[in-house]
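Student: Could you take me through the aromatic pairs of this model, and then through the packing that surrounds them?

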Amino acid sequence: MAQDRRGFLASLSAAALIGSGMAPAARAADPDTLTLDWAYYNPLSLILRDRGILEERLEPRGIAVQWVQSLGSNKAVEFLNAGSIAFGSTAGAAALLGRVAGAPFRTVYVYSQPEWTALLTRPDTGIGKVADLKGRSVAVTKGTDPYVFLLRSLQGAGLTQNDVQLVLLQHDQGRLALERGDVDAWAGLDPMMAQSELEAGSLLFHRDPGLNSYGVLNVQEEFLASSPDLVREVLSAYEQAREIAKAEPDALAALLVSAAKLSPEVAARQLERTGLDESWPEQRHVETIQGAGLALQEAGIIAADVDVAATTAELVDLQAVASLRGQG
């Protein structure tokens, strides 16, 4: 894996030199279209898409921008793995699961520090703590932060996934299943979690912000190696969107209301649980994602022979990130 990392850094450095004119070879041809995702759970993507920041930056280079919606981390990983997007928004733990499965992408940016998942139930179930889930049905979207949150919460209560009945559904269907009474609990994701809480009276019976991994932006390895200048352009645009989001919280809330068809109260609840002060990946982000990976390994989701620490270091390559920031 160390050899793989050195090879990747060498290709990234060579591409950067080419792009800067410091090498004799010509820069790789720009793509006609840059495709990236947007998601309700990635507030900065809403700003980028609405303000046309990337479109304005890339128009002089003749590059069009195409937006694809990701409805969950698992979908973003699928899109990245299939090559249908160059950039995808996921939770950190979901990105690690994708990397373990061989998905060819790297984590290069942190778009939020959210408390975007918790465990919910209805008032009539009698469920008040994680231990009460034993023998009960829980809706969850596999391969996402709510899935990791559920597994780690069960571990903390001395339970495993075998002690509950997992019902695998996409996030929106999990919410409906809980509210209809089809399942006893749901590992929720904002903004649907806030909707269920405020509009259907669902109870957040277990919260632990520390078990929520960061919201991260991932880029395909091939794209990163061949077009590091475009990657820097996207990340610079993200930084611009972050400043707008922090300076204009009401505008961000209005965008979330419009895009996700939410009430203002629901949008406000989601955003009050979403920190926007994070930015570039650092060691603490690596440690958080690695901790989630080790918990997944303990639960048998990640094979015992996988080197979680090494895989996390490949996923969030801090030396490559420093190069993108102009520090390497």
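Tutor: What follows begins with the aromatic rings and moves outward to the cores, the helices and a few backbone details.

This is a predicted model, in which local features need pLDDT of at least 70 and side-chain atom pairs count only at pLDDT 80 or more, while totals for chains, interfaces and linings use all residues. Residues are numbered from 1 along each chain as its sequence is written, and side-chain values use heavy atoms, with hydrogens and water left out.

A pair of aromatic rings is described by the distance of the centres and the angle of the planes. Here rings of Phe, Tyr and Trp (its six-membered ring) pair if their centres lie within 6.5 Å, and planes under 30 degrees apart count as stacked, over 60 as edge-to-face and the rest as tilted. A search of the whole structure finds 5 aromatic pairs. In one of them, the ring centres of Trp38 and Tyr40 are 5.6 Å apart and the planes stand at 70 degrees, so this pair is edge-to-face. Another edge-to-face pair is formed by Tyr41 and Trp116, with 6.0 Å from centre to centre and 85 degrees between the planes. This second pair links distant parts of the chain, 75 residues apart: Tyr41 lies in the loop between strand S1 (33–38) and helix H2 (43–51), and Trp116 in the loop between strand S4 (105–114) and strand S5 (119–121). Helices (H or I, at least four residues) and strands (E, at least two) are DSSP runs, numbered from the N terminus.

As for accessibility, buried means under 20% relative accessible area, exposed over 50%, and partly exposed in between (1.4 Å probe, protein chains only). Trp38 is buried at 7% relative accessibility, Tyr41 is buried at 5%, and Trp116 is buried at 4%. Trp38 also has a charged partner, for the charged end of Arg49 sits over its ring, 4.0 Å from the centre; the criterion is that NZ of Lys or CZ of Arg is within 6 Å of the ring centre and within 35 degrees of the ring normal. Elsewhere, ring pairs link Tyr109, Tyr238 and Trp280 into a cluster.

Tyr109 leads on to the nonpolar cores, each a set of buried Ala, Val, Leu, Ile, Met, Phe, Trp, Tyr and Cys residues joined through side-chain atoms within 4.5 Å. The largest nonpolar core has 51 residues, of which Leu34, Phe87 and Tyr109 touch the most other members. Helix H10 (residues 228–247) gives the most to this core, with 9 residues. Leaving out residues up to four places away in sequence, Leu34 touches Leu58, Ile63, Ala64, Val65, Gln66, Ala86, Phe87, Phe223 and Val234, where contact means heavy atoms within 4.5 Å. Apart from the largest core lies another core, of 38 residues, among them Val130, Phe149, Leu159 and Val316.

H10 also packs against H2. The axes of the two helices, H2 and H10, come within 9 Å and cross at roughly 100 degrees; axes are lines fitted to C-alpha atoms, for helices over the stretch in contact, and angles run from 0 to 180 degrees between N-to-C directions. H2 and H10 are therefore roughly perpendicular to each other, given that angles under 35 degrees count as roughly parallel, over 145 as roughly antiparallel, 65 to 115 as roughly perpendicular and the rest as oblique. On the H2 side, Leu44, Ser45, Ile47, Leu48 and Arg51 meet Ala237, Tyr238, Ala241, Arg242, Ile244 and Ala245 of H10, and Tyr238 is also a member of the ring cluster with Tyr109 and Trp280.

Helix H8 (residues 192–199) is mostly covered, since 6 of its 8 residues are buried, namely Met192, Met193, Ala194, Gln195, Ser196 and Glu197. These buried residues pack against S5, helix H7 (171–180), strand S8 (185–187), strand S9 (203–206) and helix H12 (264–272). In the loop between S8 and H8 is Pro191, which a cis peptide bond joins to Asp190, with omega at about 5 degrees. Just after H8, Gly201 takes a positive phi of about 75 degrees.

H12 contains Ala267, which is buried at a relative accessible area of 0% and touches Ala253, Leu256, Val257 and Leu262, not counting residues up to four places away in sequence. By contrast, Lys261, in the loop between helix H11 (249–260) and H12, is exposed at 65% relative accessibility, and this residue has a positive phi of about 55 degrees although it is not a glycine.
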